[in-house]
Amino acid sequence: MDAVKDPAENPETLQPWQEERGRAPISVKIVVAGGFGVGKTTFVGAVSEIEPLTTEAVMTRASEDTDDLAATPEKTTTTVAMDFGRITLDDDLVLYLFGTPGQQRFWFMWDDLVRGAIGAVVMADTRRLEDCFPALDYFESCELPYVVAVNHFEGTEYYEAEDVREALSVPDRVPVLVMDARKRDTALDSLTALVGHALDLTPA
């Protein structure tokens, strides 16, 4: 499996829209949401062309009763505010990514993180699909376009996108993709699908 790319590998590389004075790119905000430990921080880090901002905190015994580590026993840190990254598509389209914290005790921040976003990537883990229901309900209720990105973890059973759609009762109008949050190309596919989906829903 591919490792997460180092976002600081080429820290001095400028994008075309940064090199030409007076060139104004189209900037859009995208939210990356989902349950605890589903891979949101990894997703943002895999695609970001800048070193991502993360708010990872070391997990302590105090969180043992609220954070279920059964599916991710190796996890030692958790996002307590947000993740932030940036990716340029087609030279002039710049996506600003905001990863939400997954635990229920941090949901009060979602309204602020979502404000101004054109859409959301809802990440799902097939070992605990129920963890993404709050995000699905949230984006359905606020009518924000979203796609479902199933993060296929190494060593777990593979499920087709349509099987996950049925299990989650995701409407046919919503794209569902299977991806690996560590792989930049599959993460980019999820972002591209979201942008296209959001454009399709934008009034002419």
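Visitor: What area does the protein expose, and what share do carbon and sulfur atoms supply?
Guide: This is a predicted model in which local features need pLDDT of at least 70, side-chain atom pairs count only at pLDDT 80 or more, and totals for chains, interfaces and linings use all residues. Residues are numbered from 1 along each chain as its sequence is written, and side-chain values use heavy atoms, without hydrogens and water. Accessible areas follow the Shrake-Rupley method with a 1.4 Å probe, and for residues only the protein chains shown count as cover. The protein exposes about 10800 Å², of which carbon and sulfur atoms supply 51%.

Visitor: What percentage of the 204 residues in the protein is buried?
Guide: A residue is buried under 20% relative accessible area, exposed over 50% and partly exposed in between (1.4 Å probe, protein chains only). Of the 204 residues, the buried share is 46%.

Visitor: How many residues of strand S4 are buried?
Guide: Strands are DSSP runs of E with at least two residues, numbered from the N terminus. On one side of S4, Asp83, Gly85, Ile87 and Leu89 are buried, as are Phe84, Arg86 and Thr88 on the other. For S4, residues 83-89, the buried count is therefore 7 of 7.

Visitor: Which residue of S5 is the bridge partner of Ile87?
Guide: Two strands pair if DSSP finds at least two bridges between them. S4 and S5 (residues 93-99) pair in the antiparallel sense over 7 bridges. Within S5, the partner of Ile87 is Leu95.

Visitor: Which residue in the turn of the hairpin has a positive phi?
Guide: The hairpin consists of S4 and S5, with 3 residues between them. The positive phi, about 55°, belongs to Asp90.

Key: Helices (H or I, at least four residues) and strands (E, at least two) are DSSP runs, numbered from the N terminus.
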